[in-house]
Amino acid sequence: PSMMLDLNESWVSFDDYLKALHSKYRIRAKRAFKAADKVIKKEMTLEEVVGANEEMYRLYKQTATHAEFNLLDLHPCYFMELKKMLNESIHFYSYCIDGEIAAFYTIIDDRNEAEAHFLGINEELNRKHQLYLNILFDIIKASIESGKTRVRFSRTAIEIKSSVGAIP
């Protein structure tokens, strides 16, 4: 099933979302944030996407190989071509550790909804820095801040997505 998170209209900030979580999930979120305190997060420009395309594709392949569901295999130039085509309607975010990209994710603006698109994660760094969980939270945060009403998270990692409030 596709995992969806309807964003409550009373959540005007990410803190509102966090307050709405059950205590055990708030504690888990705070642990995840602390684990990623050395991670530099930023939105990437087209030029940065083009320059990092090869590394992002490598991270995507690493993640796709371990996914329980993978419908297709992307072309090596997919990410830079997608950014060129969708321009401001797609957002690329990188997570850097010690100057190297450890993870990236993409969000497509679809009117009042956010589509969590492809991502890539260095599997060796994921557990220590809780990269994937932080990505989910950052997608939610960006979606709330941009006034979206729903996040479409896709069909993988159902258990962890349900822990941030997504439902099938």
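Which residues does Lys161 touch, not counting residues up to four places away in sequence? Lys161 touches Met3, Tyr132, Leu136, Phe153, Ser154, Arg155, Thr156 and Ala166, where contact means heavy atoms within 4.5 Å. The place of this lysine, Lys161, is in helix H7 (residues 158-163), and at 2% relative accessibility Lys161 counts as buried. Here buried means under 20% relative accessible area, exposed means over 50%, and partly exposed lies in between, with a 1.4 Å probe and protein chains only. Helices (H or I, at least four residues) and strands (E, at least two) are DSSP runs, numbered from the N terminus.

This is a predicted model, in which local features need pLDDT of at least 70 and side-chain atom pairs count only at pLDDT 80 or more, while totals for chains, interfaces and linings use all residues. Residues are numbered from 1 along each chain as its sequence is written, and side-chain values use heavy atoms, with hydrogens and water left out.

**Helix H6 and its partner H2**

Two packed helices are described by the angle between their axes and the distance between the axes. Helix H2 (residues 23-35) and helix H6 (residues 131-145) pack at an angle of about 110 degrees, with their axes 9 Å apart. That makes H2 roughly perpendicular to H6, since angles under 35 degrees count as roughly parallel, over 145 as roughly antiparallel, 65 to 115 as roughly perpendicular and the rest as oblique. The axes are lines fitted to C-alpha atoms, for helices over the stretch in contact, and the angles run from 0 to 180 degrees between N-to-C directions. On the H2 side the contact involves Arg28, Ala29, Ala32 and Phe33, which meet Leu133, Asn134 and Phe137 in H6. By class, this contact of H2 with H6 has five nonpolar, one polar and one charged residues, where Ala, Val, Leu, Ile, Met, Phe, Trp, Tyr, Cys and Pro count as nonpolar, Asp, Glu, Lys and Arg as charged, and the others, Gly among them, as polar.

Of the 15 residues of H6, 13 are buried, so H6 is largely enclosed by the rest of the structure. At 1.5 Å a residue, the 15 residues of H6 should span 21 Å, and the end C-alpha atoms of H6 are 21 Å apart, which agrees; the expected span is 1.5 Å times one less than the number of residues. Lys141 lies in helix H6 and, at 34% relative accessibility, counts as partly exposed. H6 is followed by Gly147, whose phi is positive, near 75 degrees.

**Helices H3 and H4**

Helix H3 (residues 46-66) and helix H4 (residues 78-86) pack at an angle of about 145 degrees, with their axes 7 Å apart. The contact is made by Leu46, Val49, Val50, Asn53, Met56, Tyr57 and Tyr60 of H3 together with Phe79, Met80, Lys83 and Lys84 of H4. The residues of the contact of H3 with H4 divide into eight nonpolar, one polar and two charged.

Tyr57, Tyr60 and Phe79 are also members of one aromatic cluster, which includes Tyr78, Phe92, Phe104 and Phe118 as well. A search of the whole structure finds 15 aromatic pairs, a pair being rings of Phe, Tyr and Trp (its six-membered ring) whose centres lie within 6.5 Å.

In the loop between H3 and H4 is Asp73, which touches Tyr57, Tyr60 and Lys61, not counting residues up to four places away in sequence. Asp73 is partly exposed, with a relative accessible area of 48%.

**Positive phi outside glycine**

Most residues other than glycine have a negative phi. The table lists two residues with a positive value.

| Residue | Phi | Place | Relative accessible area |
|---|---|---|---|
| Asn87 | about 50 degrees | loop between H4 and strand E3 (90-97) | 43%, partly exposed |
| Gln130 | near 50 degrees | loop between helix H5 (123-129) and H6 | 24%, partly exposed |

**Strand E1**

Met4 is found in strand E1 (residues 3-6) and is partly exposed, with a relative accessible area of 21%. Not counting residues up to four places away in sequence, Met4 touches Arg150, Val151, Arg152, Gly165, Ala166 and Ile167. The C-alpha atoms of Met4 and Ser162, 158 residues apart along the chain, are separated by 9.0 Å.

Methods. Phe/Tyr/Trp six-rings, centres within 6.5 Å; stacked < 30°, edge-to-face > 60°.
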